[in-house]
Amino acid sequence: MRKKFLMTALLVGVLVFAAEQTVQQVQLPKPQISGGKPLMEVLSARKSSREFSGEELPLQTLSNLLWAAFGINRPESGKRTAPSASNWQEIDIYVATAKAVYVYDAKSNSLKPVIEEDLRADFGRQAFVKTAPVVLAYVADYSKMGRASQIDKDFYSAVDTGFISQNVYLYCASAGLNTVVLGMVDRATLSQKLGLKNEQKIILTQPVGYPKK
Ligand SMILES: Cc1cc2nc3c(=O)[nH]c(=O)nc-3n(C[C@H](O)[C@H](O)[C@H](O)COP(=O)(O)O)c2cc1C
């Protein structure tokens with residue numbers, strides 16, 4: 001009887017594990033790092049917008065967006081499109097879609113699965129957030145910030161996020177996408193749903209999508 005129970009428990013465990021593993025890593029196409037609108041036109045067009053058509057972003061556009069946000073622009077040193085204090089590179093970009101949440105891995109230019117669930121509604125408190133096909137979350141990993149004090153970790157991770165967010169604003173302005181950065185996030189709930197470690201802090205989120213026609 002006990003053996004049968006253990007076998008059943010093992011089988012259920014294997015099935016749950018298999019179900020959790022169905023979402024695959026997504027290899028992004030190489031980012032297109034030439035072209036785009038001239039800088040002054042992009043700055044003229046930069047704005048916050050809270051309306052999204054819901055149309056999916058092509059993988060190429062997502063790749064370009066994430067590279068612009070915080071991709072590697074100097075492969076020889078591994079440095080990025082946005083600066084970071086002490087080159088800590090402590091900000092991870094979580095990417096929520098209708099299918100799953102991933103984390104952007106700049107080195108392999110891929111999206112690593114975090115959870116196979118549509119958590120877009122949890123990436124902000126406002127109703128429009130879940131209408132965007134992609135919602136980014138900027139998550140600081142304080143364990144990458146050396147011996148900095150808590151106050152410095154809070155300060156520098158917020159500042160570093162600002163640069164990344166502005167890169168996203170500028171790419172969106174160039175590519176005809178809508179976006180808005182969000183501070184109004186239920187961080188406790190989202191941290192728990194994403195299974196974040198204690199040292200990981202959600203700083204801001206940012207939905208991205210096409211304008212409504
Ligand atoms: C740190 C930060 C947090 C923000 N949080 C929110 C937010 O939670 N919800 C929202 O609708 N807009 C948010 N915004 C967007 C601002 O409302 C917006 O930038 C401002 O109204 C100026 O508009 P503009 O970006 O078009 O110039 C935030 C902006 C910043 C910089």
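# Exercises on a predicted protein model

In the protein chain, 74% of the contacts with a separation of 6 or more are between residues 24 or more positions apart; two residues are in contact if their C-beta atoms, placed from the backbone, lie within 7 Å. This is a predicted model, in which local features need pLDDT of at least 70, side-chain atom pairs count only at pLDDT 80 or more, and totals for chains, interfaces and linings use all residues. Residues are numbered from 1 along each chain as its sequence is written.

## Exercise 1: the whole chain

State how many helices and strands the protein chain has, and in what order the elements run.

Solution. Start with the count: the protein chain has 5 helices and 9 strands. Helices (H or I, at least four residues) and strands (E, at least two) are DSSP runs, numbered from the N terminus. Next, the order from the N terminus is α-β-α-α-β-β-β-β-β-β-α-β-α-β. The radius of gyration is 19 Å, close to the 17 Å of the globule rule for 213 residues, so the protein chain is as compact as a globular protein of that length. Here the radius of gyration is taken over C-alpha atoms, and the rule is 2.2 Å times the number of residues to the power 0.38. The C-alpha trace spans about 75 × 50 × 35 Å along its principal axes. Lastly, 35% of the 213 residues count as buried. A residue is buried if 20 or more other C-beta atoms lie within 10 Å of its own, exposed if 12 or fewer, and partly exposed in between, with C-beta atoms placed from the backbone.

## Exercise 2: the sheet

Give the strand order of the open sheet and name its edge strands.

Solution. The open sheet is formed by 7 strands in the order 1-6-5-4-7-9-8, with antiparallel pairing. Its edge strands, each pairing on one side only, are strand 1 (26-27) and strand 8 (178-179). Two strands pair if DSSP finds at least two bridges between them.

Now go through some of the pairs. At one edge, strand 1 and strand 6 run antiparallel and are joined by 2 bridges; Val26 has Leu111 of strand 6 as its bridge partner. At the other edge, strand 8 pairs with strand 9 in the antiparallel sense, again over 2 bridges, and Asn178 has Gly209 of strand 9 as its bridge partner. Strand 7 and strand 9, also antiparallel, are joined by 8 bridges, and Ala140 stands opposite Lys201 in strand 9. Of the 10 residues of strand 9, 9 are buried, so this strand is largely enclosed by the rest of the structure.

## Exercise 3: a hairpin and the helices on the sheet

Describe the hairpin of strand 5 and strand 6, then find which strands helix 4 and helix 5 lie on.

Solution. The hairpin has 4 residues between its strands, and Asn109 takes a positive phi near 50° there. Val101 stands opposite Ile115 in strand 6, and Val103 stands opposite Lys112. In total, 5 bridges join strand 5 (residues 101-105) to strand 6 (residues 110-115) in an antiparallel run.

Turn to the helices. Helix 4 (residues 150-175) lies across strand 4 (91-96), strand 7 (134-141), strand 8 and strand 9 (200-209), at about 10° to strand 9. Helix 5 (residues 187-194) packs on the sheet and touches strand 4, strand 5, strand 6 and strand 9, its direction making about 90° with that of strand 9. Axes are lines fitted to C-alpha atoms, for helices over the stretch in contact, and angles run from 0 to 180 degrees between N-to-C directions.

## Exercise 4: two loop residues

Is Asn87 buried or exposed, and what is its phi?

Solution. Asn87 lies in the loop between strand 3 and strand 4. Its 11 C-beta neighbours inside 10 Å make Asn87 count as exposed. Its phi is positive, about 50°, although Asn87 is not a glycine. Most residues other than glycine have a negative phi. Ser86 is in the loop between strand 3 (79-80) and strand 4, and its phi is near 55°, also positive. With 13 C-beta neighbours inside 10 Å, Ser86 counts as partly exposed.

## Exercise 5: the ligand

List the residues around the ligand and sort them by character.

Solution. The residues are Lys47, Ser48, Arg50, Gln126, Val180, Val181, Leu182, Gly183, Met184 and Leu204. A residue is near a molecule or strand if its C-beta atom, placed from the backbone, lies within 6 Å of it. The shell divides into 5 nonpolar, 3 polar and 2 charged residues. Ala, Val, Leu, Ile, Met, Phe, Trp, Tyr, Cys and Pro count as nonpolar, Asp, Glu, Lys and Arg as charged, and the others, Gly among them, as polar.
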